[in-house]
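Here are some points on the model you sent, set out in the order in which I went through it. The sheet comes before the metal sites.

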Amino acid sequence: MKLTLSVIKADIGGYVGHSSMHPELLETAREHMGRAKASGLLIDYHVTRVGDDVQLIMTHTLGEEDEKIHKLSWDTFLACTEVAKKLKLYGAGQDLLTDTFSGNVKGMGPGVAEILIDERKSEPVLIFMADKTAAGAWNMPLYKMFCDPFNTAGLVIAENMHDGFKFEVHDVIGHKKVFFNTPEEIYDMLVFIGAPARYCVKGVYTKDGDMAASSSTQRLSLMAGRYVGKDDPVLIVRSQGTFPAVGEVLEPFAFPAIVEGWMRGSHHGPLMPVSFAQCNPSRFDGPPRVICAGFQLADGKLVGPVDMFDDPSFDPARQQANVVGEVLRRHGPFEPHRLPLDEMEYTTMPQVMRKLEGRFQDL
Ligand code: F6R
Ligand code: MG
Ligand code: MG
């Protein structure tokens, strides 16, 4: 039996502002998921949140991009939006870009990561969820997990990983995809994935075609044609055996890489790994942060979660993130804290340009 693990997420209203989520929204989502489980549509589910984003973690046998599963998620987000409206939460329904469901939530606002699994004798999976950042935030961590022997010892010393992996990279602006074999083609691949605003790692496979990782790569601003919030992406990674060990999957986050997002989706900031209890981005609406929920799958049942970053060994990464965040904050409205002009999600440039028209003289 092929099992599908679907993680579908949306920001459907923040509490307070864009910092966190009201418990009533989570309860509403759990009620919907509970009914779907009772009806047999889902094998199991877990509802959680990071910052102002709710994640529906679901197991079923219907495969990727299944209309029933996507409709269930859409209806759940709609029901949560009603609660958000009642409580006048901030940006109620912000990620639901259309009124009518059209068979698949992709392109409608929510973020989606799905993975097909032949459940092994023991199946550990790690689900990463980030707030106040964009889809490309997973590029560097995925590279380190699956390509970097300084991160993943197994690439060198474990026979079942020594052959490397295959990466699926999406050009989210040109709407194209390309596959790279690693380690053979890492230099070619890095030309692209080093530019995470345009090229996002969508998935990683073993050389035999087994899915190892799957991420959400939807860029909300490109879908909507205007700023409606950051992507706040999710990532599923399988672990142990032919895949990196749990500690090798988590290791990239011991370094708080600088990602785009933070205040008004228009700044660079460090990606801070935090426990579930610490996932309320508040300082300057951030800094961007990531949580990780670990599960063991048992015939599709989600056994867990374990709060993987609730570990003092990630304290130095959090401290570093605060130091780096402080250095960047001191740049105020200057780059490289503020994003380059063409990547900012908010801009007053057209209005200011119009106002100053005629005052610009040839050099
Ligand atoms: C970033 C984010 C926040 C908002 C900011 C302004 O992803 O969600 O930083 O951009 O709080 O929000 P609005 O424009 O809704 O007042
Ligand atoms: Mg929000
Ligand atoms: Mg968010």
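**Sheet, helices and metal sites**

1. Tyr 45 has Met 58, a residue of β3, as its bridge partner. The model is a predicted one, and this pair is a convenient place to start reading it. Between β2 and β3 there are seven bridges, and the two strands run antiparallel.

2. Helix α1, residues 23-38, packs on the sheet and touches β2 and β3. The direction of α1 makes about 165° with that of β2.

3. The sheet is open and has four strands, in the order β2-β3-β1-β4, with antiparallel pairing. At its edges stand β2 (44-50) and β4 (111-118); each has a single partner strand, so one side of each is left without a neighbour in the sheet. On average, and with direction ignored, neighbouring strands are turned by 15° against each other.

4. A further helix, α2 (residues 67-86), lies across β1 (2-10), β3 and β4. Relative to β3, α2 runs at about 150°.

5. Which residues donate to the magnesium ion (ligand 2)? The protein donors are Asp 11 (OD), His 18 (ND1) and Asp 52 (OD), at 2.0 to 2.3 Å from the ion. Along the chain these donors follow the spacing D-x6-H-x33-D.

6. Is Asp 11 buried or exposed? Asp 11 is buried, with a relative accessible area of 1%. His 18 has 26% relative accessibility and counts as partly exposed, since buried is reserved for values under 20%.

7. The magnesium ion (ligand 3) has four aspartates listed as protein donors: Asp 52 (OD), Asp 53 (OD), Asp 131 (OD) and Asp 232 (OD). They lie 2.1 to 2.2 Å from the ion. Their spacing in sequence is D-D-x77-D-x100-D. Asp 53 lies in strand β3 (residues 53-60), and Asp 232 in the loop between α6 (220-224) and β10 (234-238), so this pair ties together parts that are 179 residues apart in sequence. Both Asp 53 and Asp 232 are buried.

8. How far apart are the magnesium ion (ligand 2) and the magnesium ion (ligand 3), and which residue coordinates both? The distance between the two ions is 4.2 Å, and Asp 52 coordinates both. When the donor sets are checked, Asp 52 should therefore be counted at each ion, as it appears among the donors of ligand 2 and among those of ligand 3.

Methods
Residues numbered from 1 in each chain as written. Chains lettered and ligands numbered in written order. Predicted model: local features only at pLDDT ≥ 70, side-chain atom pairs only at ≥ 80, totals over all residues. Heavy atoms only, no water. Donors = N, O, S within 2.8 Å, 3.2 Å for Na, K, Ca; no water. Buried < 20%, exposed > 50% of the residue type's maximum accessible area, 1.4 Å probe, protein only. Pairing = 2+ DSSP bridges. Axes fitted to C-alpha atoms, helices over the stretch in contact; angles between N-to-C directions. Contact = heavy atoms within 4.5 Å.
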